[in-house]
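Reader: I've just opened this one and would like a close look at its pockets. Start there, take your time, and then walk me out into the rest of the chain.

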Amino acid sequence: MADIAELTALIEPEVKALGFDLVRIKLFGSGDEHTLQIMAENPATKQLVIEDCATISRRLSDVLDEADPIEEAYRLEVSSPGIDRPLTRLHDFQEWAGHEAKVAATEVVAGRKSFRGVLDGVEGDEILFTDAKSGAVRIPFALVAEAKLLLTDALIAASMPLSSDGADEFETEE
């Protein structure tokens, strides 16, 4: 499998050149089924519309074909991070402060490796977090293995769609 740091160095400048922020790169699969997943967002809306995904996909397809950084055959998937988005950058933990999240650490922090509770922000390179079981904890960002927002009514309200035009227009078969 290809090195994620090398893929990031290749992909991130292309995504930024189009005016988007890279959220995550993930390469997964086995055998003949591999997927290169690129999550990006418009910095103003924290979302992508389908046209944005297509624009990024076309740009990356050309760059990846030319550089050929992945030995195996793979499928390119470009998407928005979604409502219950992964938290991959330190500033994500600040931007989404006040919302519920799950955080898994690579090492024991405050007696635990997994946390579920409310993001309280960031101080330096530590995530401030109120865990539902153990209370306030500081998690070094370098020890975060995986983190994501939890789907709640507050998160849904904070992540309203860019447009709801046509949402109430649908056809039914009689």
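Author: Here is the overall layout, then the pockets, then the rings and a few odd spots.

First, the ground rules. This is a predicted model, so local features need pLDDT of at least 70 and side-chain atom pairs count only at pLDDT 80 or more, while totals for chains, interfaces and linings use all residues. Numbering starts from 1 along each chain as its sequence is written, and side-chain values use heavy atoms, with hydrogens and water left out.

Now the layout. The protein chain has 4 helices and 8 strands (DSSP runs numbered from the N terminus: H or I of at least four residues for helices, E of at least two for strands). Going along the sequence, they come in the order α-β-β-α-β-α-β-β-β-β-β-α. The C-alpha trace spans about 50 × 45 × 35 Å along its principal axes. Of the 174 residues, 36% are buried (under 20% relative accessible area with a 1.4 Å probe on protein chains only; exposed is over 50%, and partly exposed is in between).

UniProt, in an unreviewed entry, labels residues 10-84 "domain: Ribosome maturation factor RimP N-terminal". It also places "domain: Ribosome maturation factor RimP C-terminal" at residues 87-152, again unreviewed. Those positions use the numbering here, the feature names are shortened, and such annotations may be inferred rather than shown by experiment. The two stretches have their own make-up: residues 10-84 are 35% helix and 32% strand, with end C-alpha atoms 27 Å apart. Residues 87-152 are 9% helix and 61% strand, and there the end C-alpha atoms are 16 Å apart.

On to the part you asked about. Rolling a probe the size of a water molecule over the atoms shows where empty space is left. A pocket here is an open set of points on a 1 Å grid over the protein atoms alone, where a 1.4 Å probe fits and protein lies on both sides within 12 Å along at least five of seven lines; lining residues have an atom within 4 Å of a point. Points are joined across faces, edges and corners, and the volume is the space filled by probe spheres set on them.

The largest pocket holds about 310 Å³ of space. It is lined by 15 residues, and R24, P86, T88, E146 and A147 are the closest to its centre. Strands β1 (21-30) and β8 (144-149) each put at least two residues into that lining, with β8 giving the most, 5 residues. By class the lining has 8 nonpolar, 1 polar and 6 charged residues (nonpolar is Ala, Val, Leu, Ile, Met, Phe, Trp, Tyr, Cys and Pro; charged is Asp, Glu, Lys and Arg; polar is the others, Gly among them).

The second largest pocket comes in at about 160 Å³. Around it you'll find T45, K46, Q47, S80, G82, I83, R85, W96, A158 and S159. This lining splits into 3 nonpolar, 5 polar and 2 charged residues.

Next, the rings. The whole structure has 2 aromatic pairs (Phe, Tyr or Trp rings, the six-membered one for Trp, with centres within 6.5 Å; planes under 30 degrees apart are stacked, over 60 edge-to-face, the rest tilted). F93 and F141 meet edge-to-face, 6.0 Å centre to centre with 75 degrees between the planes. They sit 48 residues apart, F93 in helix α3 (residues 90-95) and F141 in the loop between β7 (135-140) and β8. F93 is buried at 0% relative accessible area, whereas F141 is partly exposed at 26%.

The other pair, F115 and F129, is edge-to-face too, at 6.4 Å and 75 degrees. F115 is in strand β5 (residues 112-123) and F129 in strand β6 (residues 126-131), so this pair ties together parts 14 residues apart in sequence. Both F115 and F129 are buried.

Finally, two backbone oddities. D68 has a positive phi, near 50 degrees, without being a glycine; you'll find D68 in the loop between α2 (50-67) and β3 (75-79), exposed at 56%. A110 also has a positive phi of about 50 degrees and is not a glycine; A110 is in the loop between β4 (100-109) and β5, exposed at 60%.
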